[in-house]
Amino acid sequence: MIDERPPKNLLTHLLLAIGWLTDARSRPGRVFGRLERAGTGLFDRLGTSPRFLKLAGGGLELGFLLRRSMNQSAEAWLHLLRAPTVRDVQTMRTQLRRLGDRLEVTQTQLELALAALARVEAELARTPRETP
Amino acid sequence: MTKLRAQIDDLADSTLLVGKTWGAALRDRAMSPTRWLAPIVQRAARVPTPPVNSSPHRVVYTRGSMRLLHFEPTQRRHATPILFVYSLINRYYILDFLPGRSLIEFMRDQGFDVYAIDWGTPGELEEQLTWDEALGGLIRSAVQWTLRVSGAEQLTLYGYCMGGTMALAYAALYPRELRNFVAQATPVDFHEGGIFTTWTRPDYFNVDSMVDAHGNVPIDLMESGFSMMAPVQRLTKWLEVFRRVDDPEFVTTFLAMEAWAADNVPFPGELYRQYIKDCYQENNFFHGRMVVGGRTVDLANITCSLLTLIADKDTIAPPPSSLALAAKVGSQDQTTMRFDVGHIGLSTSSKGPKLIWPKIAAWLAERSK
């Protein structure tokens with residue numbers, strides 16, 4: 001793919017230095033490695049802890065319920081003022097994008113149909129016509 | 001003196017870039033580290049934007065946000081076309097990763113007529129999309145258009161990840177036009193689904209409240225779910241790129257992978273609701289109890305040749321979850337291949353074009369005459 005190594009700039013040196021400081025072959029890197037393993041272990045325990053999952057799931061559910069009721073009341077107010085909601089604008093945008101897609105695909109399908117027609121015409125031209 | 005000036009200019013440009021990048025990430029409240037770090041790494045490594053998804057193709061059919069893409073071979077050598085069905089999570093172009101590292105490009109160069117479903121970006125109109133419409137409407141239309149354009153009577157359905165689960169359900173309901181089926185890293189027994197099985201248990205996760213609140217599952221919720229799988233590594237993997245920032249090939253591959261991973265799309269809400277309930281929570285898909293459009297999805301209806309691809313280091317579709325497929329289908333001609341890579345590695349690993357894909361292509365070539 002790419003064989004030549006470009007010249008290093010200041011940013012390259014900076015990132016290489018951060019990389020070295022966190023590399024297991026350097027002393028600070030070994031400390032960093034221990035912290036990383038401890039962090040991983042902690043998240044692994046959290047991710048499988050029934051108490052944490054129950055708590056997180058409950059929090060998420062509460063957030064969803066709150067969001068649903070807020071959306072409903074905001075949309076009700078906007079409709080009352082006869083103003084378009086974010087959803088209305090997004091739907092319009094989606095429909096426009098799809099119209100563009102349909103145009104593109106209609107062109108491809110017409111090309112395919114023309115190619116098929118050309119094949120049939122060539123076939124007919126090759127077949128000698130029967131005379132009565 | 002000139003060198004010093006160049007260094008000062010470089011420092012000023014770099015500071016400006018960091019400021020701009022972080023400002024934009026902060027403004028968008030970006031959660032993905034890619035938004036914060038990728039432009040900086042790209043500048044430090046002096047590599048161009050990775051050319052992902054660059055195989056030439058044309059759109060042959062579209063319905064809703066879905067597009068059917070055609071990757072035409074220069075010289076077609078096999079009668080049976082391949083239709084790729086990718087997951088609704090992330091975008092299909094992981095199958096067309098980088099030039100020389102693209103599964104689609106590889107298959108096309110082997111003389112296969114290749115098609116792929118791009119689910120696009122689901123919007124408001126996809127909130128009500130059901131499994132019935134996705135299988136009987138979208139995938140069925142894609143299959144028919146693939147057969148029509150390629151002039152074949154049967155095809156190879158190639159499912160990947162959750163796309164594999166959907167394609168299996170399709171194959172069980174509409175088996176007639178299928179010559180072969182390839183299930184790549186496809187979860188089948190969802191109670192062997194690793195950490196996702198735990199997280200989606202009904203007492204921890206109320207999928208109804210999520211779908212009712214959001215319609216489609218929003219990108220940041222999907223992202224935070226995947227981040228929680230390995231939150232520390234999600235950040236520290238960037239340190240490995242810092243260490244190898246003077247290796248352009250490594251940086252290009254890494255940035256390409258991160259760009260794809262950060263290119264999330266919302267998940268259609270109703271489809272997600274049934275997916276979580278029937279697959280992860282009840283395991284109905286595996287036990288032949290899942291009902292789609294009034295019909296039961298029975299994997300025993302699948303009788304075409306079957307190739308199961310397992311990634312031994314897969315944590316998203318762990319091997320036991322995918323291996324369960326063999327005993328469920330009615331196919332007589334079955335092959336299982338295992339590779340020492342992770343879930344994504346089957347499509348992007350450097351082992352792909354050398355060790356993995358030639359075996360898949362050879363298996364398919366024998367069955368695509």
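The following paragraphs describe the interface, the sheet, the helix packing and selected residues of a predicted two-chain model.

The model is predicted, and local features are reported only at pLDDT of at least 70, side-chain atom pairs count only at pLDDT 80 or more, and totals for chains, interfaces and linings use all residues. Residues are numbered from 1 along each chain as its sequence is written, while chains are lettered from A and ligands numbered from 1 in the order in which they are written.

Between the two chains, 39 residues of chain A are in contact with 44 residues of chain B, two residues being in contact if their C-beta atoms, placed from the backbone, lie within 7 Å. On the side of chain A that touches chain B, helix 1 (10-21), helix 2 (27-48), helix 3 (50-80) and helix 4 (86-126) of chain A each supply at least two residues, and the largest share, 10 residues, comes from helix 4 of chain A. Helices (H or I, at least four residues) and strands (E, at least two) are DSSP runs, numbered from the N terminus. By class, the residues on this side of chain A divide into 14 nonpolar, 13 polar and 12 charged; Ala, Val, Leu, Ile, Met, Phe, Trp, Tyr, Cys and Pro count as nonpolar, Asp, Glu, Lys and Arg as charged, and the others, Gly among them, as polar.

Chain B contains an open sheet of eight strands in the order 1-2-4-3-5-6-9-10, with mixed pairing, where two strands pair if DSSP finds at least two bridges between them. Strand 1 (58-63) and strand 10 (334-339) of chain B are the edge strands, each pairing on one side only, and the twist from one strand to the next averages 20 degrees. At one edge, strand 1 of chain B pairs with strand 2 (residues 66-71) of chain B in the antiparallel sense over five bridges, and B:Tyr61 stands opposite B:Leu68 in strand 2 of chain B. Helix 4 of chain A packs on the sheet, where it touches strand 1 and strand 2 of chain B, and its direction makes about 125 degrees with that of strand 1 of chain B. Helix 5 of chain B also packs on the sheet, touching strand 3 (82-85), strand 5 (155-160) and strand 6 (178-184) of chain B, with its direction at about 140 degrees to that of strand 5 of chain B. Axes are lines fitted to C-alpha atoms, for helices over the stretch in contact, and angles run from 0 to 180 degrees between N-to-C directions.

Strand 9 (residues 305-311) of chain B is mostly covered, seven of its seven residues being buried. A residue is buried if 20 or more other C-beta atoms, placed from the backbone, lie within 10 Å of its own, exposed if 12 or fewer do, and partly exposed in between. B:Ser305, B:Leu307, B:Leu309 and B:Ala311 point one way from strand 9 of chain B, whereas B:Leu306, B:Thr308 and B:Ile310 point the other way. Strand 9 of chain B runs parallel to strand 6 of chain B, to which five bridges join it, and B:Val182 stands opposite B:Leu307. Strand 9 of chain B is likewise joined to strand 10 of chain B by six bridges, these strands also running parallel, and the bridge partner of B:Ala311 in strand 10 is B:Phe339.

Helix 4 (residues 131-150) and helix 5 (residues 162-173) of chain B pack at an angle of about 75 degrees, with their axes 10 Å apart. The two helices are therefore roughly perpendicular, a term that covers angles of 65 to 115 degrees, whereas angles under 35 degrees count as roughly parallel, over 145 as roughly antiparallel and the rest as oblique. The contact is made by B:Trp131, B:Ala134, B:Leu135 and B:Ile139 of helix 4 and by B:Met166, B:Ala169, B:Tyr170 and B:Leu173 of helix 5, and this contact has eight nonpolar, no polar and no charged residues.

The largest nonpolar core has 118 residues, among which B:Val41, B:Leu83, B:Phe84, B:Val85, B:Leu95, B:Ile117 and B:Ala169 touch the most other members. Such a core is a set of buried Ala, Val, Leu, Ile, Met, Phe, Trp, Tyr and Cys residues joined through C-beta atoms within 7 Å. Leaving aside neighbours within four places in sequence, the contacts of B:Val85 include B:Ile117, B:Ile139, B:Leu157 and B:Met166.

In helix 9 (residues 231-243) of chain B, B:Leu235 counts as partly exposed because it has 15 C-beta neighbours inside 10 Å. The buried residues of helix 9 of chain B, namely B:Trp238, B:Val241, B:Phe242 and B:Arg243, pack against helix 1 of chain A together with helix 2 (33-45) and helix 10 (248-262) of chain B.
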